[in-house]
Amino acid sequence: MVREFKLPDVGEGVAEGEIVRWLVEEGEEVSEDQPVAEVETDKAVVEVPSPVNGSVKEILAEEGEVVPVGNVIVTFEVEGEAGTESGEDEEPTESQEQVSEEPADIGGEPAITEADDDAGADAEPETPSGRVFAPPHVRRLARELGVEIGSVEGSGPSGRVTEGDVREAAESDDDEESKGPKQFDTELKSATRKRGEDREEGEAAEPADRERTLAAPATRKLAEDEGVDLNRVPATEERDGEAFVTPEAVREYAEAQREAQAADAEALAATGREGEREERDEREERVPYRGIRRTIGTQMANSKFTAPHVTHHDTAEVEGLVGARADLKARAEEQGTRLTYMPFVMKAIVAALQEYPELNASLDEEAGEIVRKNYYNVGIAVATDAGLMVPVVKNVDEKGLLQLAEEVEELAGKARDRSISREEMQGGTFTITNFGAIGGEYATPIINHPEVAILGLGELAERPVAENGEVKAAHTLPLSLSIDHRVVDGAEAAGFTNRVMEYLENPLLLLLD
């Protein structure tokens with residue numbers, strides 16, 4: 001029995017997914033829940049498991065192909081259920097339908113009969129093993145070239161049919177009339193032949209080149225208007241032994257001429273574009289804009305064009321923070337935790353958010369309401385190979401420094417290896433982006449919409465600081481706070497930033513909360 005497997009909804013609201021990699025090959029035995037493919041959604045890469053025990057019959061989507069949820073991506077052959085009637089259960093796949101469309105008797109001695117030797121009563125041509133091993137793009141090429149892939153002997157590993165096998169079979173078929181005309185050959189040429197076909201059928205476009213032509217005055221006027229030489233218009237009638245041209249013949253000839261000119265212009269333009277493309281391709285690389293990268297772009301554009309951004313910059317002198325972290329770092333390591341500055345920043349932010357709830361909010365535009373959140377879920381922007389991802393640490397106000405450090409490290413690791421779930425990236429109320437880890441001081445962070453604020457951290461480093469008329473070296477941390485100005489005023493942004501700075505400069509204040 002053949003089981004079709006449709007791309008499932010691998011995440012909340014996912015409409016499509018990109019086949020990143022197939023983990024199995026056609027003909028390979030699989031067990032239930034065994035991962036068969038990696039699929040990238042707009043948030044993460046997930047493994048899709050097999051729903052049955054059986055073997056992979058046909059892979060119907062290529063790696064890199066974006067497939068809508070609900071489309072069949074692979075079929076399985078399930079043993080033990082083969083006793084069912086083949087009518088409905090053996091629903092033909094696309095390639096099988098293609099094979100069955102081939103004439104049963106082509107040229108008297110078709111290659112089909114050779115494949116039937118061990119297929120028994122089944123009229124479909126198959127390989128000796130009963131399966132055709134070929135990747136999707138090779139199957140597609142076979143369909144385009146009109147090659148019956150079941151009759152092609154594969155030269156690849158384990159008899160796998162390669163692209164070269166299909167092309168060789170196509171060339172071989174062209175040389176042997178006995179194998180019958182390939183109906184797909186005509187389809188293959190149709191894209192460039194259509195205009196030419198019209199001319200061949202009507203023969204009206206062939207110029208006559210006569211010296212004398214009979215026609216009604218109205219027809220001569222029509223030819224003049226169309227810019228047509230009446231002596232070149234093929235005539236379908238005669239009067240007194242002379243060619244007689246009708247208005248219909250003039251119109252048909254004029255239309256054919258226009259089509260021919262348009263085709264020539266199109267061909268010239270295509271040649272030019274192709275030339276430009278070839279020249280450009282030598283210097284450029286084109287990467288598909290989809291998956292997580294496209295989601296990031298959509299979110300950024302939506303945020304930038306929805307929320308009027310304002311960014312407030314300031315710098316905190318953080319010698320107290322550097323000292324506190326140094327004191328606690330060794331003790332944290334004894335407990336197996338790597339203590340970074342991030343947990344301190346998160347605690348400082350949450351303490352400030354509790355005083356400035358306007359920044360821990362969202363705007364419900366449909367309801368016309370500002371939604372202030374009395375919980376504190378802080379998103380941490382993480383740079384990954386696929387782009388920026390934002391895992392969310394939930395209920396920061398209820399957790400200690402070590403627990404926050406462990407959760408940040410775990411979530412960041414999941415984001416980087418693409419194993420993070422959608423749930424772990426949802427529900428944020430405020431976001432931190434630490435571009436200073438790469439280098440740099442200030443930036444304009446894009447708000448993680450529908451949140452209303454995001455804090456960017458510059459590089460924590462020693463910089464010159466003026467104090468009591470003297471310049472000294474001190475550790476400073478540049479801060480860049482972007483706000484949605486519809487919800488947050490500049491004064492609130494400055495007040496919030498000041499409170500964050502105060503906590504960072506005097507971390508002991510956090511103990512009072």
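**Exercise 1. Describe how strand 19 and strand 20 are connected, and state which residue in the turn has a positive phi.**

Solution. Strand 19 and strand 20 make up a hairpin with two residues between them, and in its turn Asn468 has a positive phi of about 55°. Strands here are DSSP runs of E with at least two residues, helices are runs of H or I with at least four residues, and both are numbered from the N terminus. The next step is the pairing, which requires that DSSP finds at least two bridges between two strands. Strand 19 (residues 461-467) and strand 20 (residues 470-484) are joined by seven bridges in the antiparallel sense, and within this pair Arg463 lies opposite Ala474 of strand 20.

The model is predicted, so local features need pLDDT of at least 70 and side-chain atom pairs count only at pLDDT 80 or more, whereas totals for chains, interfaces and linings use all residues. Residues are numbered from 1 along each chain as its sequence is written, and side-chain values use heavy atoms, with hydrogens and water left out.

**Exercise 2. Work out which strands stand at the edges of the sheet that contains strand 1 and strand 3.**

Solution. Begin with the order of the open sheet, in which four strands follow one another as 1-8-6-3 with antiparallel pairing. Strand 1 (2-6) and strand 3 (29-30) each have a single partner strand and therefore stand at the edges, so that one side of each is left without a neighbour in the sheet. Elsewhere in this sheet, strand 6 (residues 54-59) runs antiparallel to strand 8 (residues 72-77) and is joined to it by four bridges, with Val56 placed opposite Phe76 of strand 8.

**Exercise 3. Check the length of helix 9, and find where its buried residues lie around the axis.**

Solution. The expected span of a helix is 1.5 Å times one less than its number of residues. For the 16 residues of helix 9 (residues 291-306) this gives 22 Å, which agrees with the 22 Å between its end C-alpha atoms. The buried residues, meaning those under 20% relative accessible area (exposed is over 50%, partly exposed in between, with a 1.4 Å probe and protein chains only), are Gly291, Ile292, Thr295, Ile296 and Ser303 in helix 9. These residues cover an arc of only 140° around the axis, which puts them on the same side of helix 9; the arc is that of the directions from the helix axis to the C-beta atoms. Among the elements that cover them are strand 4 (35-40), strand 11 (309-317) and strand 15 (387-389), where contact means heavy atoms within 4.5 Å.

**Exercise 4. Locate Asp33 and Asn395, and decide whether each counts as exposed or partly exposed.**

Solution. Asp33 belongs to the loop between strand 3 and strand 4, and although Asp33 is not a glycine, its phi is positive at about 75°. At 56% relative accessibility, Asp33 counts as exposed. Asn395 is placed in the loop between strand 16 (392-393) and helix 12; Asn395, also not a glycine, has a positive phi of about 50°. Its relative accessibility of 28% makes Asn395 partly exposed.

**Exercise 5. State which residues Pro8 touches when residues up to four places away in sequence are not counted.**

Solution. First place Pro8 in the loop between strand 1 and strand 2 (16-22), where Pro8 counts as partly exposed at 29% relative accessibility. With residues up to four places away in sequence left aside, Pro8 touches Val48 and Val69. Finally, the C-alpha atoms of Pro8 and Val72 are separated by 9.4 Å, while the two residues are 64 residues apart along the chain.
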